[in-house]
Structure formats: structure tokens, C-alpha cells
Amino acid sequence: MKEQLAKIRSEALAAFEGAKTSAELDALRIQYLGKKGELTAVLKQMGKLSAEERPAMGQLANEVRSALEAALEETGKKMEEIALQERLKAETIDVTIPGAVQKIGHKHPMYIALDEIKDIFIGMGFTVLDGPEVELAALNFDRLNAEEGHPSRDWSDTFYFDEDSRVMLRSQTSPMQVRAMDSMELPIRIIAPGRVYRKDEVDATHSPMFHQVEGMVIDKGITMSDLKGTLNTVIEKLYGEGTVTRFRPHHFPFTEPSCEMDIQCHKCGGKGCPTCKGEGWIEVLGAGMIHPNVLRMAGIDPDVYSGWAFGMGLERMAMGRFKIADLRLIFENDVRFLEQF
Ligand code: PHE
């Protein structure tokens, strides 16, 4: 029996040593120390021993058990340690490898121009308003002194939602003048950028959807020279000092007098080129002194208050600001184009 115990001990220790995985080690623990294991089998024979032999043999068996348990524990720990080291090696992160570059979006040149325009007007004390693109014809036309029968109200010019022509996609940002007059205290200084819609065919300078920035000032003693001074200041801030503008007489139902403002062509400096269609000038906005009828309809006394308004084409402003030759580039959203700004 003594020899049997010694044999189990040396065999088991050698087997533990040779185990490669913790599963293998576990199997060996069951083989040697389990209920049906080899050591247990030997202990079962203790009954056959004499009373004198039993204590010494029992002690020996316990020693063997402790030795095997200690060896198991040590080998188990070693295996865990090795596994940990291997995992650390496999999961090493090399912080010096350049990261995978994520492509993120890019601000659209028209919105870069709009942000610059907003900044300039906010700096002059204007409030920025936002308004609906689906608008009442009453605000887009009637309240702006463009009565029934006015050519701009024609079905061939305007997107209506109903047979009665009461609801429409706004054809201009000018209804924001009315919304401001109806909701704000005087004096008023606002700009209102946004989309507008007209039944236009797409070409190098036209699109059925485009953007305008409306501007309006109403106070006591406001004159046409305030309009010119403000717009010239804005244009110089946007396009650089010394940018040349000109104001031409025009007609709008809601301003009197009315004008259009041109800026000298950035491409040819006024000589005439394809960008300005040989004119030397590019039209960027319509403007004028608010018509007394429009003030009156909003409950503002035109004998006490006066005001000016303008509506500028945002795409045209961006095209001038970034020297873009074709309007369609603004809407195509080709990243090769957008990334240039
Ligand atoms: N709403 C006019 C247009 O779309 C522009 C404009 C705005 C003219 C304000 C005068 C005053 O053409």
C-alpha cells in the first residue's frame, strides 16, 4: 500500500506537470483525487490493514492528498498567469499607429456665406427670424400690396396647394416683413433667411427652389440713404473694402421707391465676361422704401414711421463670395466641389 501511494504521488505530479490546459488539469484532478479516483480507491483498502498499521498509512495518504492538492493549485495558477500574458500580448494596442480617419461632413459654401451675413447683421443690432415655407397667399401677396390679378400671382409662376389659391409655397421671403410687423414692437430690425419657390426651369442662374435673405428696418425718420449705407457696409464686409455697388430704379408692389442693387463683377472687374453675361455687373438684391399701404395694413402710421426692406439672393451672394460660376454646383452637393471651401 505504501508503494501504491508513492506511485500515485509520482505519477500524478508528473501528469500535472505535463497538463497543457486547465481542462486537462481538471480531468487529472478527478482522475486522482475524485470520489472514484485512484487515491480514494487505495484508501478504501484501509479496512484490510491491521490496527497498528492504519494510523501511519492514514497519515501517509493525507500527505499524498495535500501534496497533490498543492501541486494542482500551483500548476493552475501558472496556467492562468501564462494565459493572461498571452491575452495581454494579443490585445496590445500600439498607440503610435495612425487612427482610421473618419470622414465627417463639410459646411456648405452657401451656409458659410449665410453665417457671415448673419454675423454682420447681428453686429448691427438685427434679429434673425425664421418663418414657414408653406405660406398664406394673403401674406405673400395681399398684405404686400400685390392684389388679385398681379402677374406674380399667376398659376404659371407660383406653387399653390389648393384650387382657391390661398395656401402656397412662398415665392419670396417678403411675407416675413408682414409676420415681423404683426408680432414685434417698433422699432424693428430683422433679417429672415430661408427657401423660396418659383416655377423656373433649371439653368446656370435659375432653380425652382432657391434661398433669399429678407431684411427690414422700421423706425421714425428712416430714409433711402439708411438703406444704401447699410447695404454698402454689408457688401464691403462680405466682399472686401472698395467693392463697387450700384442702385438701379425698379418696381416692387410693396416698396416705393424701389431699386435693385448690383455689385461689380468679381471676375472681370466690370469689363464684361461670361460670369456677368457681358454686363460687368451682377444683380444681387431688390430693395426699397416700404410702401405706405403695407405699413397701414399692419396698423403702422406711415406719417410717423418709415422703413426700408430688401430681399437678396443667397446663392448669388455665395457665388460672388466664393467665385462660383454655375448655380447648379450649389445644389448638386458633389463633395469634390464642397470640399474646396
Ligand atoms: N421680394 C422681392 C423679390 O423676391 C425682393 C424685395 C424684397 C424687394 C424686399 C423689395 C423689398 O424679388
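This is a brief walk through a helix pair, a ligand site and one histidine in a predicted model.

Helices first. Take α2, residues 22-33, and α4, residues 53-90. Their axes come within 11 Å. They cross at roughly 175 degrees. That is over 145, so α2 runs roughly antiparallel to α4.

Who makes the contact? From α2, we have S22, L25, R29, Y32 and L33. Facing them in α4 are R65, L68, E69, L72, T75, G76 and M79. Sort that contact by class and you get six nonpolar, three polar and three charged residues.

Now the ligand. There are 14 residues around it. The ones that come nearest are Q172, S174, R198, Q212 and G311. Three of these names come with polar side-chain atoms to look at. Q172 places one 2.8 Å from a ligand nitrogen. S174 has one at 2.9 Å, again from a nitrogen atom of the ligand. For Q212, the partner is a ligand oxygen, at 2.9 Å.

Last stop, H211. Find it in strand β5, which spans residues 209-219. Is H211 buried or exposed? Its relative accessible area is 7%, under the 20% cut-off, so H211 is buried.

What does the H211 side chain pair with? The side chain of E315, through a polar contact of 2.6 Å. Set aside neighbours within four places in sequence, and H211 also touches a run of others. Among them are M110 and Y111, then G194 and R195. M312, G313 and L314 are in contact with H211 too, as is F331.

That's the tour. Happy to go back to any of these sites.

Terms used. Residues are numbered from 1 along each chain as its sequence is written. This is a predicted model: local features need pLDDT of at least 70, side-chain atom pairs count only at pLDDT 80 or more; totals for chains, interfaces and linings use all residues. Side-chain values use heavy atoms; hydrogens and water are left out. Helices (H or I, at least four residues) and strands (E, at least two) are DSSP runs, numbered from the N terminus. Buried means under 20% relative accessible area, exposed over 50%, partly exposed in between (1.4 Å probe, protein chains only). A polar contact is a pair of N or O atoms within 3.5 Å; within protein, one must be able to donate a hydrogen and the other to accept it, and residues adjacent in sequence count only if both atoms are side-chain atoms. Contact means heavy atoms within 4.5 Å. Axes are lines fitted to C-alpha atoms, for helices over the stretch in contact, and angles run from 0 to 180 degrees between N-to-C directions. Angles under 35 degrees count as roughly parallel, over 145 as roughly antiparallel, 65 to 115 as roughly perpendicular and the rest as oblique. Ala, Val, Leu, Ile, Met, Phe, Trp, Tyr, Cys and Pro count as nonpolar, Asp, Glu, Lys and Arg as charged, and the others, Gly among them, as polar. A residue is near a molecule or strand if one of its heavy atoms lies within 4 Å of it.
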